[in-house]
Amino acid sequence: MRINKFLAENGIASRRHADGMVSAGRVKINGRVAVLGEDVGEEDEILVDDKPLVRAEKKPEYYIMNKPKGIICTVSDDRGRKTVMDLLPEGAGRVFPVGRLDYATEGLLLFTNDGELAYRLTNPKSEIPKTYLVRLEGTMTEKDLNPIRSGVELDGVMTKKCRAHIVETNKLYTKVHITITEGKNRQVRRMFEAIGKNVEFLKRIRLGDLTVSGLDRGEVRPLTEEEVAYLKNL
Ligand code: URA
């Protein structure tokens with residue numbers, strides 16, 4: 001099998017991105033730097049950035065989780081803390097989270113060992129809409145959301161236009177639905193910080209047409225074939 005396909009199937013990167021990694025000399029086969037288009041077999045030892053590549057199971061697997069807050073979104077933690085991986089069902093293969101949610105954020109999180117799909121879903125160029133329920137302190141008006149809708153500056157770059165509307169507001173708090181197509185680090189929290197608002201609660205409620213309805217906090221289920229097909233066509 002070609003090295004780029006091999007890397008994609010093992011969840012490292014899309015085929016195109018894998019080519020870039022090979023060209024950059026980041027991939028080694030049996031101790032020497034791989035070249036573009038090279039074939040690899042079962043017996044070959046592959047290193048990516050000098051770390052041994054652990055082969056993923058062949059069968060693609062896809063799960064959807066309603067992540068609770070207070071749990072980290074990583075495959076392993078060097079301090080031994082509980083991670084989202086601990087919530088996966090026994091017998092789940094070597095899947096990994098698609099993108100990430102902060103420690104304090106809850107809601108929709110996908111897992112797969114399908115590197116190609118994961119790469120597409122997290123690539124900002126794919127512009128996959130992700131909707132969040134945000135609770136902010138105090139009352140707000142629709143007009144207050146205008147800077148959020150047109151874009152705020154994060155790390156010197158403007159966020160893309162997005163949809164946002166108030167679902168409830170009173171003296172104590174305001175609930176907003178916001179749909180973004182990017183996935184910058186802590187993007188939603190930082191967008192509201194940029195207009196002087198502190199996010200009290202954050203939940204991802206939708207990715208494309210997928211929702212976590214029917215899943216309690218911490219629950220996981222495999223995606224249906226229809227859902228997988230839908231994601232592949234997004
Ligand atoms: N935006 C955030 O600020 N945090 C998340 O976890 C996801 C989106």
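What follows is a short exchange about a predicted model.

Visitor: Which residues surround the ligand?
Guide: L101, D102, T105, Y132, R186, Q187, V188, R189 and L202.

Visitor: What makes the pair between V188 and the ligand a polar contact?
Guide: A backbone N or O atom of V188 lies 3.1 Å from a ligand nitrogen. The cut-off for N or O pairs is 3.5 Å, so the pair counts. Q187 offers a backbone N or O atom 3.4 Å from a ligand oxygen. For R189, a polar backbone atom is 2.9 Å from an oxygen of the ligand.

Visitor: How much of the ligand does the protein bury?
Guide: The protein buries 95% of the 240 Å² that the ligand exposes when taken alone.

Visitor: Which residues have the most contacts inside the largest nonpolar core?
Guide: F111, V134, I178 and F192, in a core of 31 residues. Elements giving two or more residues to this core include β8 (130-137), β12 (173-180) and α5 (187-194). Apart from this core lies another, of 16 residues, among them V98 and I128.

Visitor: What does V134 touch, leaving out residues up to four places away in sequence?
Guide: T174, K175, V176, I178, V188, F192, V199, F201 and L202.

Visitor: Why are β1 and β2 called paired?
Guide: Strand β1 (residues 27-29) and β2 share two bridges, in the antiparallel sense. Pairing needs at least two bridges, so they qualify. K28 stands opposite V33 in β2.

Visitor: What makes β2 an edge strand?
Guide: β2 (32-33) pairs on one side only, as does β4 (51-52). The open sheet runs β2-β1-β3-β4, with antiparallel pairing.

Definitions and conventions: Residues numbered from 1 in each chain as written. Predicted model: local features only at pLDDT ≥ 70, side-chain atom pairs only at ≥ 80, totals over all residues. Heavy atoms only, no water. Core = buried A, V, L, I, M, F, W, Y, C linked by side-chain atoms within 4.5 Å. Buried < 20%, exposed > 50% of the residue type's maximum accessible area, 1.4 Å probe, protein only. Helix = DSSP H or I, 4+ residues; strand = E, 2+ residues; numbered from the N terminus. Contact = heavy atoms within 4.5 Å. Near = heavy atom within 4 Å. Polar contact = N/O pair within 3.5 Å; in protein donor to acceptor, adjacent residues only side chain to side chain. Areas by Shrake-Rupley, 256 points an atom, 1.4 Å probe, with all protein chains shown as cover.
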